[in-house]
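Grab a coffee and open the viewer. Here are a few exercises, each with a worked solution.

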Amino acid sequence: MEHADIVILGAGAAGLFCAGSAVAQGRRVVVLDHAPTPAEKIRISGGGRCNFTNLATGPDRFLSDNSRFAASALARYRPQAFVDLVDRAGIAWHEKTRGQLFCDGKATQITDMLLDRMAGADLRLGTRIDGVSQDGDRFVVATSGGPISTGRVVVATGGKSIPKIGATGLGYDLARQFGLRLVDTRPALVPLTFAEQDLALCRPLAGLSVEARITHGRGSFRDALLFTHRGLSGPVILQISSFWQAAEVLTIDLAPDRDIAADLKAARGGKAQVATVLAQMLPERLAQSVAADAGLAQARLADQPNARLDALGARVNRWQVRPVGTEGYRTAEVTLGGVDTRDLDARTMQARQVPGLAFIGECVDVTGWLGGYNFQWAWASADAAGHAA
């Protein structure tokens with residue numbers, strides 16, 4: 001039987017980075033993945049430019065049943081450490097907004113850098129993982145290429161998001177097999193969908209983007225909102241989707257810098273129509289749609305009482321909608337929930353009751369905000385497991 005010091009399941013961002021950290025400790029490392037190419041999520045991320053970290057990374061930018069679990073790994077591998085790797089690799093980058101760092105060129109530069117960093121590890125793509133079992137104080141990983149005996153297994157198989165690039169639930173299956181608890185999973189950083197009656201507004205506005213603010217639960221974000229044929233998307237919606245639960249109402253401010261009711265009252269006078277004046281405060285298509293929805297498409301502003309303008313203002317500054325769901329794992333950037341952190345050691349990512357078995361990256365119940373946080377969690381959790389090996 002073949003032997004290895006550490007076998008890493010998954011050749012995504014976390015798996016490749018963990019391999020590099022483990023190789024640096026002088027370990028014999030085998031990385032397995034059923035996909036034909038490594039790190040597909042890196043390739044498609046950030047519009048093909050990879051938002052590889054966020055300078056504002058901290059435990060408060062992550063969702064988990066244990067909000068402090070990620071603090072240890074994040075403190076020991078900070079964003080600047082990854083930026084230093086990128087700089088040494090000669091990869092040009094820029095800060096887009098709010099600490100979000102992107103490659104100037106293609107995202108595959110990051111993958112190439114990770115592959116160079118793990119030189120010496122044995123990367124086996126197109127290899128089916130048939131199971132993991134214990135054999136005394138070691139593990140046996142059954143693969144389509146034959147069994148591998150190893151002292152350590154690191155599960156870096158990701159979550160359920162974007163199945164078209166190979167996502168599976170293998171990591172969760174292995175957690176259950178070895179007695180670890182799971183936090184219920186659901187799509188996160190994902191567009192929201194509406195019922196038919198609410199789509200009457202969204203469909204005519206499909207493709208329109210506006211600045212919006214949403215506060216819901218523990219999340220409060222201001223960013224671009226995009227109307228779609230199915231509901232709402234855009235960064236602010238992806239952010240709040242991680243906090244939204246089924247059947248909950250969202251309150252959205254479509255003009256966060258204005259008090260629409262007050263501005264309409266101040267502009268009242270003359271023969272101007274409501275929609276015309278409103279179009280000076282909002283994108284024209286949105287203004288016309290809101291006015292029509294309120295039955296004021298042809299109405300003069302001067303004729304409107306305060307109560308009606310207050311209602312119209314609320315329709316913009318406090319628009320209330322009840323999404324019926326999300327677009328699901330098909331378009332979700334990450335998976336919320338996963339391996340329960342109560343069963344993992346925060347410093348090594350190792351299962352407390354199963355020495356030698358670790359879980360890292362997206363399959364763990366640690367989910368970052370939009371903007372490079374999830375990649376930083378991949379690097380940090382992978383580095384912790386790689387050094388522990």
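**Exercise 1: two helices that meet**

In H4, Phe82, Leu85 and Val86 touch Ile110, Met113, Leu114 and Arg117 of H5 (contact means heavy atoms within 4.5 Å). Work out which classes of residue make up the contact of H4 with H5, and how their axes cross.

Solution. Start with the classes: there are six nonpolar residues, no polar ones and one charged. For this sorting, Ala, Val, Leu, Ile, Met, Phe, Trp, Tyr, Cys and Pro are nonpolar, Asp, Glu, Lys and Arg are charged, and the others, Gly among them, are polar. Next, the axes: those of H4 (residues 79-88) and H5 (residues 108-117) come within 10 Å and cross at roughly 90°. Axes here are lines fitted to C-alpha atoms, for helices over the stretch in contact, with angles from 0 to 180 degrees between N-to-C directions. That makes H4 roughly perpendicular to H5; the label covers 65 to 115 degrees, while under 35 is roughly parallel, over 145 roughly antiparallel and the rest oblique.

A word on the ground rules. This is a predicted model, where local features need pLDDT of at least 70 and side-chain atom pairs count only at pLDDT 80 or more, while totals for chains, interfaces and linings use all residues. Residues are numbered from 1 along each chain as its sequence is written, and side-chain values use heavy atoms, leaving out hydrogens and water.

**Exercise 2: the whole chain**

Say how many helices and strands the chain has, and what share of its residues is buried.

Solution. Count 13 helices and 21 strands; these are DSSP runs numbered from the N terminus, helices being H or I with at least four residues and strands E with at least two. Then take burial: 53% of the 389 residues are buried (under 20% relative accessible area; exposed is over 50% and partly exposed in between, with a 1.4 Å probe and protein chains only). Finally, the C-alpha trace spans about 85 × 40 × 35 Å along its principal axes.

**Exercise 3: one side of H6**

Find which residues of H6 are buried and which strands they pack against.

Solution. Look along residues 170-177 of H6: Gly171, Tyr172, Leu174 and Ala175 are buried. They sit on the same side of H6 because they cover an arc of only 160° around the axis, taken from the directions from the helix axis to the C-beta atoms. Now follow them outward: the buried residues of H6 pack against E1 (2-9), E8 (129-135), E10 (148-155), E11 (182-188), E19 (334-339) and E20 (357-359). After H6 comes Gly179, with a positive phi near 85°.

**Exercise 4: charged pairs**

Tell which residues pair with Arg181, Arg315 and Asp122 in salt bridges.

Solution. The rule asks for a side-chain nitrogen of Lys or Arg within 4 Å of a carboxyl oxygen of Asp or Glu, and it gives 22 salt bridges.

- Arg181 pairs with Asp343, the closest N and O atoms being 2.7 Å apart. The partners are 162 residues apart, with Asp343 in the loop between E19 and E20 and Arg181 in the loop between H6 and E11. Asp343 is buried at 13% relative accessibility, and Arg181 is partly exposed at 38%.
- Arg315 pairs with Asp293, with 3.3 Å between the closest N and O atoms. Arg315 is buried at 15%, whereas Asp293 is exposed at 53%.
- Asp122 pairs with Arg124, again by closest N and O atoms, 2.7 Å apart. Both belong to a salt-bridge network with Glu2 and Arg28.
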